[in-house]
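Work through the following exercises with the sequence and the coordinates open side by side. Each task is followed by a solution that proceeds step by step.

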Amino acid sequence: MQIFYNDILALNLCSHCVEIVRARKRGSKLRVLKKVSSVGDTLDDEKRKETISSLMKGMEKDLEDIVVANMPMENVLIMRIKVPPSLNRQNAIEYATMEISRNLGIVPEQLIVAPLEIHEGEGLFFVSKVNQVKAFVSELMEAGFPETDVVIPDVVKYLEFFDFYFKRRLKGITVLVVASFFNDYYSIVVLKDDHYRSCRMVFSIFWDYMDVVAENTGIQPKELFEGMVEVSLDFLQPYFGDFLLELDREVKISLDEVSLDIADQFFYIIDPPVFFQSFMQALQKFEGTVLKEGPVPFVKSSVSMGGLGLVLRGGREIGKVKHLSV
């Protein structure tokens, strides 16, 4: 029985990896206990189920675990909806659900609408179909993963990580860029005075960088994912040039969408962290229109930043998390 602690079991699904993490929360302290993972080419539904089933054989589970998983973004919409400022949070969600229902032509009962932020008469909402979420949970259970207590859109695992390490009364216009080299997209998030205003996903094949690293060093993706090597990736700087040009343009689009001209500060989450040094060196030399340098968290851990974000979310389901030990 989990009397003096609570355990969290988190499933981190990416385009090119599956990671399962077990953590323990005592009071406000959260500690990673164990992780298992598999890294490789793009995982279709059947391959993903096989991988989860295989990994769960090496992971303990308990009926009292808080179980968390991330849902792929291809099954999630992000919509900005105006709501009457006088409404409380629950009524604002119900109002937004009706608006989204009309916009999509789907009855409200078939929608799951979850707010990322509701502030000053406008809300940023994640939207999915009930049957898609149920099918996702059922697929995980068929693979041997326990029934989930919490399912979050994939990008939210990084927002949990960002909130824990950085989001402390931010002032002005903030842009968060999330580049996960195990997903086929990156994220641009805009905040104004500590409130989320925009969240966009942009398709990109980051897996190509893994091939470049393997060709130049012989290091395989799993070694990079698990932080098992310490190697200079400075040779990647020229390869980041085209990406930075695209990123500069996409950040400008994100700011324009919410009628903002320029960002006061940037934050970057690079997952796995082994890429952050060469990325930031390329950014220092880059001359764009809106991009600036900014803090990049570096957590020395065999668990990915996405995996840490998921266990943080599980910890918050129980109470405040003030310390994370990896």
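Helices (H or I, at least four residues) and strands (E, at least two) are DSSP runs, numbered from the N terminus. The model is a predicted one, in which local features need pLDDT of at least 70 and side-chain atom pairs count only at pLDDT 80 or more, whereas totals for chains, interfaces and linings use all residues. Residues are numbered from 1 along each chain as its sequence is written, and side-chain values use heavy atoms, with hydrogens and water left out.

**Exercise 1. The overall fold**

Task: State how many helices and strands the protein has, and compare its radius of gyration with that of a compact globule.

Solution: Begin with the secondary structure, which comprises nine helices and 13 strands. Next, take the radius of gyration over C-alpha atoms and apply the globule rule, 2.2 Å times the number of residues to the power 0.38. For 326 residues the rule gives a value near 20 Å, and the protein has 20 Å, so the two agree. Along the principal axes, the C-alpha atoms fill a box of roughly 55 × 55 × 40 Å.

Then turn to burial, where buried means under 20% relative accessible area, exposed over 50%, and partly exposed in between (1.4 Å probe, protein chains only). On this scale 56% of the 326 residues count as buried. Finally, consider contacts, meaning heavy atoms within 4.5 Å: of those in the protein with a separation of 6 or more, 68% are between residues 24 or more positions apart.

**Exercise 2. Backbone geometry in three loops**

Task: Locate the cis peptide bond that ends at Pro-272, and determine where Glu-120 and Asp-193 are found.

Solution: The cis bond runs from Asp-271 to Pro-272, with omega near 5°. Pro-272 itself has its place in the loop between β12 (265-271) and α8 (276-285).

For Glu-120, phi is near 50°, a positive value in a residue other than glycine. Glu-120 sits in the loop between β6 (111-119) and β7 (122-129), and its relative accessible area of 71% makes it exposed.

Asp-193, likewise not a glycine, has a positive phi of about 50°. Its loop is the one between β10 (185-192) and β11 (195-203); here the relative accessible area is 39%, so Asp-193 is partly exposed.

**Exercise 3. Salt bridges within helices and between strands**

Task: Describe the salt bridges Arg-48 to Asp-45, Arg-313 to Glu-317 and Glu-122 to Arg-197, and relate each to the elements that hold the partners.

Solution: The criterion is a side-chain nitrogen of Lys or Arg within 4 Å of a carboxyl oxygen of Asp or Glu. Side chains of opposite charge can pair when their charged atoms come close. The structure holds 19 salt bridges.

In the pair formed by Arg-48 and Asp-45, the N to O distance is 3.3 Å. Because these residues are three apart in helix α1 (residues 45-56), about one helical turn separates them. Arg-48 counts as buried at 11% relative accessibility, while Asp-45, at 47%, is partly exposed.

The side chains of Arg-313 and Glu-317 meet at 2.8 Å, N to O. Both residues lie in helix α9 (residues 305-318), four residues apart, which is about one turn of the helix. Arg-313 is buried, with a relative accessible area of 17%, and Glu-317 is partly exposed at 40%.

In the bridge between Glu-122 and Arg-197, the closest N and O atoms are 3.8 Å apart. Glu-122 belongs to strand β7 and Arg-197 to strand β11, so this pair ties together parts that are 75 residues apart in sequence.

**Exercise 4. The surroundings of two buried residues**

Task: Which residues are in contact with Ser-37, leaving aside its neighbours within four places in sequence, and which does Glu-160 touch under the exclusion of residues up to four places away?

Solution: Ser-37 is found in strand β3 (residues 29-39) and is buried, with a relative accessible area of 9%. Beyond the excluded neighbours, the contacts of Ser-37 are Val-18, Glu-19, Leu-55, Lys-222, Phe-225 and Glu-226.

Glu-160 lies in helix α4 (residues 156-165) and is buried at 8% relative accessible area. With the sequence neighbours set aside, Glu-160 touches Gly-309, Leu-312, Arg-313 and Arg-316. As a last step, the C-alpha atoms of Glu-160 and Met-305 are 9.8 Å apart in space, although the two residues are 145 apart in sequence.
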